Structures are given as structure tokens and as C-alpha cells.
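Trainee: I am new to this structure and would like to go through it with you, one question at a time. Please give the reasoning along with each answer.

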Amino acid sequence: MGVRTESRRARTWHGRAFTVAAAATLCGALTPAGWAADGTPGPYSFAEDATTVRGAEGTTDSARLEAGHTYKSSIGPSGRGGRLYYRLELDAASTAYVSATAVPRPGAGVSYADGLKVSLQDGNGRNCSPSGSAHFGATQSPHPIAAWAARETGGKQYACQTAGTYYVVVERSGAGTSKESPGATSGGSADPKGSASRAWDLEIGYVSEPGLKEARSTTAPEAWDSATPEALAGAARHREGGAGFSTATTLGQGVWRDGISPGETRFYKVPVDWGQQFYATADLGSSSGGDGYVGTALAVSLYNPVRGFVDAVGSGYDGRQRSAALAPVPPVAYENRYALSDRVSGMRFAGSYYLVVHLAAQVADRFGDGPLGLTLRVRVTGAARSGPAYAGRALPRDVFDVAAGDSGTAGGPTGTGNGDGRSTTMKLLAVGGIGLGSLLVLTLGAWTVAARRRRPIRAPWPASEEADTVPGPLPAPDPAPWDHGAPRSW
């Protein structure tokens with residue numbers, strides 16, 4: 001697999017060139033998320049700008065990952081090719097987060113113990129933080145799972161604090177016994193050559209968080225409201241989920257409706273600002289036919305803006321409606337990172353939190369191919385606060401930003417904070433005010449000039465009755481540039 005080298009030149013729409021690459025981009029934009037060009041559903045939508053990179057079986061030949069970039073790779077079965085290395089060059093101030101999303105290829109099955117582990121190590125092979133792991137767990141249904149690891153600076157950290165070369169280690173774990181598709185994904189007999197002999201695709205993300213201008217408390221908040229609020233009620237609005245982290249559909253506070261078929265995974269993202277608290281419940285609708293019981297049919301997982309695992313919940317299914325609610329998580333705070341629990345430490349920065357819903361493939365055996373109704377009840381409470389004063393910019397630059405006025409919001413609070421401690425809403429208002437003022441001045445000036453030009457000249461003699469005193473049409477403006485649209489055991 002070669003490194004992606006697509007040229008980014010000449011993608012303009014100003015009477016110049018509409019390139020083949022632009023046409024492909026347009027076709028891709030018109031193709032539903034998670035679907036191939038031929039209209040067949042795909043298992044996962046990788047980031048369009050992901051660079052293909054090959055993992056090395058040793059540190060010596062490992063490829064370097066750049067902060068702010070997303071990569072596509074693959075990993076073989078446990079054993080040879082089941083442990084891969086990638087390289088980072090880190091400074092002494094920034095915190096590095098690396099996530100790996102494993103995507104079993106079509107036809108592969110998985111067992112309860114199959115999973116992925118991610119570690120970040122220094123040049124002496126020491127882990128910079130506890131390794132992150134994810135497993136398919138009780139669903140035993142192939143779907144994307146993500147694990148993360150970090151090199152943190154400041155606070156109570158002692159290891160991995162110097163600038164230098166570090167290594168990301170991604171490895172597969174588990175027994176490797178599973179079932180082949182189509183019988184594999186719906187509960188056939190164990191086949192040791194199922195998942196054990198098949199490669200998984202990987203999407204790797206690398207986020208850099210700058211250090212702080214001033215030191216803050218290194219103690220996690222001890223008290224926060226852990227009571228579960230009353231679930232939101234009201235008419236649900238339709239919102240179709242994405243097929244990957246990069247295509248996740250934005251949801252605001254409200255009740256949302258979608259459909260999900262056995263074996264599918266839906267991705268949603270919810271903007272949560274500094275000081276705000278997030279709650280979510282997933283309701284699976286009743287079936288019109290079938291019988292029996294699937295032990296873990298619905299799996300709901302929560303990931304933070306760097307795709308780090310926060311929490312998960314599962315539910316069985318017997319054809320009647322079922323509900324699965326995530327346990328309350330604390331308000332977003334920088335100091336949460338010093339807690340031991342994933343559910344607390346994962347809520348460490350503002351940004352888009354990902355709600356990932358999977359319906360086990362085994363549901364099709366007893367209740368048909370679906371889709372079944374899916375209702376999401378999302379609540380974001382609390383006033384947004386200013387974030388920490390960072391000494392630089394995060395990479396990607398907008399990873400900890402919360403966009404105000406998102407189209408997915410349904411009457412709930414809108415985000416107002418961003419990664420540098422300033423208010424996004426205030427910045428937008430300021431920029432909008434300046435822009436509007438300038439626009440008014442320019443418009444008034446243009447009207448004045450136009451009025452002077454159009455004012456008839458009073459000649460000393462009468463104007464001819466045939467004289468054309470109606471101003472001609474203004475020339476059509478040039479075409480606008482082309483707008484490119486641009487739990488661990490579940």
C-alpha cells in the first residue's frame with residue numbers, strides 16, 4: 001500500500017478548471033457516509049485526508065507520525081505482524097495523544113477476547129502511561145473499536161518528560177477464535193482461522209495538546225453532580241448517524257431519531273464545552289417479528305475529542321423496546337485528567353464527544369435484517385466556562401473548540417469555549433460585528449457612487465424624449481470559488 005500522494009493543486013471553480021480530482025470529491029460528497037461508490041454499505045468511513053502508512057515490526061524502521069494528522073494502516077493477526085511500531089518526535093512541553101481504531105474487514109469474525117492495545121513508550125521501552133485497550137466483548141460482533149495512549153507532561157508525571165523520540169506500539173490481543181461470515185457474524189461454530197488469520201484496518205490519530213502558561217491544580221475534582229437527570233421527552237427529530245469518527249453526525253441537546261441494522265455502527269458527536277456536563281440515553285425500538293433473546297445486542301460507547309475511551313453501556317434484546325443510559329460523567333475540566341477512572345479522566349477537555357452505537361450482527365438471526373428504530377436522548381447542562389490558558393495551539397487546531405450555533409443543535413445550550421481559554425461565541429460575535437460594520441460601510445459607499453453615476457446630467461437644453469435614462473443592468477459577478485464541504489469490552 002503506497003503513501004497517498006494526491007495533488008491538492010488547481011481545485012478551483014472560477015472559470016479555470018474543474019479537475020477530475022474535484023469531480024471525484026463531488027461524487028464522494030454525494031455518496032452517503034459509510035457507503036461505497038457502487039451503493040453498497042461499507043463497515044467504516046475513514047478520514048478523507050488520511051495518509052496511508054505502514055507499521056513496522058520493529059522500532060528501527062518505524063514511520064514518523066505528525067501531530068494533527070490522521071493515518072490509515074493495517075495490522076495482521078496476533079503474533080508476527082500483530083505488533084506494530086510508529087515513531088513520534090516530541091518536545092518537552094506538549095502532551096501527545098495517539099488513538100487507534102481497529103476495523104475488522106468484511107467476512108471476519110471476532111471472539112469475546114479479541115481486541116486492540118495501544119502503548120506509548122520512550123527510547124528505553126518504558127510506557128509513558130498505562131496502555132489503553134479495547135475488546136469486542138460480549139457482543140462478539142465485528143465493529144470498529146478504539147484504544148488510546150498518551151505522553152503527558154507536567155502535573156505528577158515523572159516518566160517521558162524530555163524531548164526526543166518516542167514510539168507508538170499497536171498490538172492485537174485475544175484468543176483469535178471466532179466465526180466466519182456470513183455465519184461468523186451471526187453465531188456459527190468457532191473457527192480458529194476466523195479473526196486470527198485476517199488483517200484489521202486501522203485509523204490512527206495523533207493529537208498534540210500544548211502546555212499551560214501557568215500551573216494549575218493537579219488534583220481531580222472530588223465532588224460533582226452524579227445524579228441522573230430525567231430523560232428528555234418530546235418529538236424526535238431525524239438525524240442519520242455517520243459511519244466513522246470523521247463523518248460523525250453532530251447532535252445538540254434534544255431527542256433524535258435514526259435507524260440501525262444488525263451489524264451496523266453509527267457515529268454521532270456532541271459539542272461539550274468547559275464546565276458542561278453530558279448525558280445520553282439510547283433507546284432501541286421494538287421488532288415487528290421474531291423471537292428469542294440476544295444477550296448483548298446494543299452497545300453504546302462514549303469517546304472524547306481525541307477518541308479516548310470514556311465509558312460504555314450495553315443492553316440485551318428480546319424484540320421489545322430496550323433502553324441503555326450512559327452513567328453520568330463529570331463536567332468537563334482540565335483537572336479531570338488526574339483521576340484514576342476513565343469515566344472521569346476522559347472528560348479532560350472541551351470539544352466534540354463521540355457517541356458510538358453498535359447493534360450486534362446476531363440480532364439478524366432472531367429478528368431479521370432490520371433496520372430497528374433508534375432514539376437518542378442527549379442532554380448538555382451547565383454554563384460554559386473559560387478553558388485553561390494554553391501556551392500554544394493544539395494540533396489539529398480546532399480539536400478542543402466548540403462551534404457555536406451548530407445545525408445539529410435543538411434548543412439546547414451552545415458551546416462557547418475553546419482550547420485557548422477564550423470564548424468562541426464572543427470571538428465569532430466580534431468578528432461578525434467587525435465584518436458587518438465593514439460590509440455596511442462598503443455597501444453605503446457603493447450606493448453613493450452608484451447614485452452619483454446614475455444621477456441625470458441637467459443639460460441647458462431639454463433632453464430628448466427618446467433618451468434612455470434608465471440605468472443598465474449591473475454586470476454579473478464572477479462565479480464564487482467552489483466551496484469544498486469540507487466500554488472497552490463492547
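## Questions on a predicted model

Trainee: Is Cys128 buried or exposed?

Mentor: Keep in mind from the start that this is a predicted model. Cys128 has a relative accessible area of 7%, and a residue counts as buried under 20%. Since 7% falls under that cut-off, Cys128 is buried.

Trainee: Which residue forms a disulfide with Cys128?

Mentor: The structure holds one disulfide, and Cys128 is one of the two residues in it. The sulfur atoms of the pair are 2.2 Å apart, and a disulfide asks for cysteine sulfur atoms within 2.5 Å. The residue on the other side of this link is Cys160.

Trainee: How many residues apart are Cys128 and Cys160 in the chain?

Mentor: The link of Cys128 and Cys160 is left-handed, with -85 degrees about the S-S bond. It joins distant parts of the chain, for Cys128 is in the loop between strand E6 (115–121) and strand E7 (132–135), whereas Cys160 is in the loop between E8 and strand E9 (164–173). The separation of the two cysteines along the chain is 32 residues.

Trainee: What is phi of Cys160, a residue other than glycine?

Mentor: Cys160 counts as buried at 8% relative accessibility, and its place is the loop between E8 and E9. Most residues other than glycine have a negative phi. Cys160, however, has a positive value, and its phi is near 60 degrees.

Trainee: In which loop does Arg307, with its positive phi, have its place?

Mentor: Arg307 is not a glycine, yet its phi is positive at about 65 degrees. Its relative accessible area is 10%, so Arg307 is buried. As for its place in the chain, Arg307 lies in the loop between strand E16 (294–303) and E17.

Trainee: Which strands are the edge strands of the open sheet E1-E3-E10-E5-E8?

Mentor: That sheet is formed by five strands in the order you give, and its pairing is mixed. An edge strand pairs on one side only, and this holds for strand E1 (51–52) and strand E8 (145–151).

Trainee: Which residue in E8 is the bridge partner of Ala100?

Mentor: Strand E5 (residues 95–104) and E8 run antiparallel, and seven bridges join them. Ala100 falls within the range of E5, and its partner in E8 is Ala147.

Trainee: Why is one side of E12 and of E17 left without a neighbour in their sheet?

Mentor: These strands belong to an open sheet of five strands in the order E12-E14-E19-E16-E17, again with mixed pairing. Strand E12 (249–250) and strand E17 (309–317) stand at the edges, so the reason for the free side is that each has a single partner strand.

Trainee: Which residue in E14 is the bridge partner of Thr250?

Mentor: E12 and strand E14 (residues 265–272) run parallel, with two bridges between them. In E14, the residue that partners Thr250 is Lys269.

Trainee: How many residues are in the second, separate core?

Mentor: The largest nonpolar core has 49 residues, and those that touch the most other members include Phe278, Val300 and Leu326. Leu326 itself, leaving aside neighbours within four places in sequence, is in contact with residues including Phe278, Ala280, Val300 and Leu355. The other core is separate and includes Val53, Leu116, Leu120 and Cys128, and its size is 30 residues.

Trainee: How far apart in space are Lys117 and Arg172, C-alpha to C-alpha?

Mentor: Lys117 has its place in strand E6 and counts as partly exposed, with 31% relative accessibility. Not counting residues up to four places away in sequence, Lys117 touches several residues, among them Ser131, Val169 and Glu171. Lys117 and Arg172 are 55 residues apart in sequence, while their distance in space is 6.3 Å.

Trainee: What is omega of the cis peptide bond that joins Leu395 and Pro396?

Mentor: Most peptide bonds are trans. One cis bond joins Gly370 and Pro371, with omega about 10 degrees, and Pro371 is in the loop between helix H3 (363–367) and strand E20 (372–381). Pro396 lies in the loop between E20 and helix H4 (424–454), and for the cis bond of Leu395 and Pro396 omega is about 0 degrees.

Note on methods:
Residues numbered from 1 in each chain as written. Predicted model: local features only at pLDDT ≥ 70, side-chain atom pairs only at ≥ 80, totals over all residues. Heavy atoms only, no water. Pairing = 2+ DSSP bridges. Helix = DSSP H or I, 4+ residues; strand = E, 2+ residues; numbered from the N terminus. Buried < 20%, exposed > 50% of the residue type's maximum accessible area, 1.4 Å probe, protein only. Core = buried A, V, L, I, M, F, W, Y, C linked by side-chain atoms within 4.5 Å. Contact = heavy atoms within 4.5 Å.
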